[in-house]
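Good morning, colleagues. Please take a moment to look at the sequence and the structure on the screen before I begin.

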Protein chains: 2
Amino acid sequence: MQNCKTCIIRSKAANTLNPNELTILMESCAETTFNPKESIIKEGTLSSHVAYLKSGLAMVSKKGVKGIDQILKIIKPGNYIGLQTVLFEKINQFSVTALEKCVVCFIDNQSFKELISRNTQFANELLIFLCREELTYFDRFVNIHQKQINGRMADIILFFSEEIYNHATSFNIPLSRSDMAAFICTTRESITRAINDLSKTNSIRVSRKKFEILNPEMLKKISEKG
Amino acid sequence: MQNCKTCIIRSKAANTLNPNELTILMESCAETTFNPKESIIKEGTLSSHVAYLKSGLAMVSKKGVKGIDQILKIIKPGNYIGLQTVLFEKINQFSVTALEKCVVCFIDNQSFKELISRNTQFANELLIFLCREELTYFDRFVNIHQKQINGRMADIILFFSEEIYNHATSFNIPLSRSDMAAFICTTRESITRAINDLSKTNSIRVSRKKFEILNPEMLKKISEKG
DNA sequence: TTATCTTTTTGATATATATCACATATGTAA
DNA sequence: TTACATATGTGATATATATCAAAAAGATAA
């Protein structure tokens with residue numbers, strides 16, 4: 001059992017809870033640590049808990065008709081995982097896998113639902129969270145289809161720089177080339193070639209998983225022109 | 001002003017409201033009729049209302065980097081449009097266009113938010129609605145990328161048959177060939193060819209916008225094998 | 001009706017990217 | 001260290017689909 005009252009990485013939603021409600025959360029919350037590549041949630045299994053990512057990065061993926069896994073999104077600390085299933089479906093519709101060492105809190109479905117009905121602010125924060133996500137998908141959906149591979153590769157790099165690493169210019173992307181391919185709907189080989197192309201423009205420097213942005217303007221231009 | 005108390009196509013969420021709350025809804029609700037191709041919500045404008053589709057079909061679309069509109073989803077009666085923007089963004093991130101004669105209720109943002117905070121069941125129904133949508137996108141995202149055009153064309157036809165027209169085998173699809181292309185991320189010309197291919201297998205018969213499913217099993221097989 | 005505009009169809013061609021096959025590098029366990 | 005597994009890189013080739021161009025069919029208005 002966790003002490004949610006003193007948790008410093010509490011969600012915006014959890015911050016709306018009063019002491020009583022925090023006790024409910026606390027008593028139904030269990031913390032687990034995952035190593036890289038370990039499965040946090042597995043597609044097709046019964047869903048019994050909401051997960052909350054306290055630290056580390058994780059990815060959400062889903063199997064397609066070809067049996068190939070597609071990465072739907074990367075999750076960063078401070079976000080709920082699997083809200084969809086808790087509230088609506090009983091079977092997990094996607095897998096979640098740790099990309100790094102991850103600390104995850106699992107909250108019992110029933111208690112989570114109780115918090116939603118007890119506290120409208122809590123529900124409201126969740127609504128806002130889901131709405132924000134939906135808009136992100138819209139963007140992603142349109143981008144993936146209208147940009148070609150170099151543009152999409154630039155997007156991965158900008159995404160990790162801006163969204164994940166707080167505008168850092170040098171960072172590690174904890175994805176294999178195959179993972180990146182699954183993220184932007186292409187192949188391992190095309191990722192290699194895209195990285196080569198971008199490197200030739202001197203907008204980035206890459207060595208294995210280490211990415212360095214040399215010319216952000218040019219990278220953004222490549223991202224936009226497709 | 002509408003009489004929401006006697007409205008027979010009330011949303012599941014609105015059904016959770018008590019008489020007082022229904023009065024709030026009623027007093028901030030205005031009904032408008034749209035003709036086919038008329039714009040219900042325009043991307044880039046300020047959002048001031050939630051829309052609720054009482055009758056007719058509408059489509060949600062978004063401009064991509066190439067300036068080409070991509071159709072994100074088709075909306076059928078009994079669904080809210082633009083929840084995302086009301087709760088989170090101020091600027092409309094997408095356009096909504098009537099595909100047929102549509103009756104739409106516009107509910108003032110403030111009142112809508114008030115209903116969410118007053119009634120947890122109302123909020124809960126909205127949460128469930130958003131969760132269901134998210135899962136639908138996941139599916140769509142993966143399908144669009146792993147299936148080739150004939151499979152995706154089969155999906156459009158099955159979608160209208162099953163989701164929109166209650167498993168009818170003969171129906172009109174109120175989309176132009178270009179719209180269909182924007183829906184499954186391809187081109188007008190490829191849609192024509194896909195329809196030809198499917199017709200040659202005798203699984204469908206098409207004349208202009210009228211689609212007839214002759215062999216549902218075969219159509220599903222085409223949808224699945226990609 | 002004819003004239004004009006828009007949408008759809010059809011064929012020829014171009015092209016971005018997937019696929020395949022193999023080489024090379026990297027990581028890991030004995 | 002060696003041996004083996006896994007991940008990545010590279011070149012050659014295939015292919016699904018986009019693009020282009022022009023014809024045909026429908027829709028609309030005078």
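Which atom of DNA strand D is 3.0 Å from an N or O atom in the side chain of A:Thr192? A phosphate oxygen of that strand is the partner of A:Thr192. I should state at once that this is a predicted model.

Let me stay with DNA strand D. Another phosphate oxygen contact involves chain B: a side-chain N or O atom of B:Thr186 is 2.8 Å from a phosphate oxygen of DNA strand D. A base is also contacted, since a base nitrogen of the strand is 3.2 Å from an N or O atom in the side chain of A:Arg188. Two elements each give two or more residues to this surface, namely α7 (188–200) of chain A and α7 (188–200) of chain B. The largest share, 5 residues, comes from α7(A).

In total, 19 residues surround DNA strand D, and the closest include A:Asn196, B:Gln148 and B:Ser190. By class, this surface has 10 charged, 7 polar and 2 nonpolar residues. On the DNA side, sugar or phosphate accounts for 61% of the strand's atoms within 4 Å of the protein, and bases account for the rest.

I turn now to the two chains. A turn of 180 degrees, with a shift of 0.0 Å along the axis, lays chain B on chain A with an RMSD of 0.0 Å. The two copies are therefore related as by a two-fold rotation axis.

Finally, the interior. The largest nonpolar core has 104 residues, and B:Ile74 is one of those that touch the most other members. Beyond its neighbours within four places in sequence, B:Ile74 is in contact with residues including B:Leu57, B:Phe159 and B:Phe183. A second, separate core holds 56 residues, among them A:Ile107 and B:Ile107.

Note on methods: Residues are numbered from 1 along each chain as its sequence is written. Chains are lettered from A and ligands numbered from 1 in the order in which they are written. This is a predicted model: local features need pLDDT of at least 70, side-chain atom pairs count only at pLDDT 80 or more; totals for chains, interfaces and linings use all residues. Side-chain values use heavy atoms; hydrogens and water are left out. Copies are superposed by least squares on the C-alpha atoms of residues with pLDDT of at least 70 in both. A nonpolar core is a set of buried Ala, Val, Leu, Ile, Met, Phe, Trp, Tyr and Cys residues joined through side-chain atoms within 4.5 Å. Buried means under 20% relative accessible area, exposed over 50%, partly exposed in between (1.4 Å probe, protein chains only). Contact means heavy atoms within 4.5 Å. A residue is near a molecule or strand if one of its heavy atoms lies within 4 Å of it. A polar contact is a pair of N or O atoms within 3.5 Å; within protein, one must be able to donate a hydrogen and the other to accept it, and residues adjacent in sequence count only if both atoms are side-chain atoms. Helices (H or I, at least four residues) and strands (E, at least two) are DSSP runs, numbered from the N terminus. Ala, Val, Leu, Ile, Met, Phe, Trp, Tyr, Cys and Pro count as nonpolar, Asp, Glu, Lys and Arg as charged, and the others, Gly among them, as polar.
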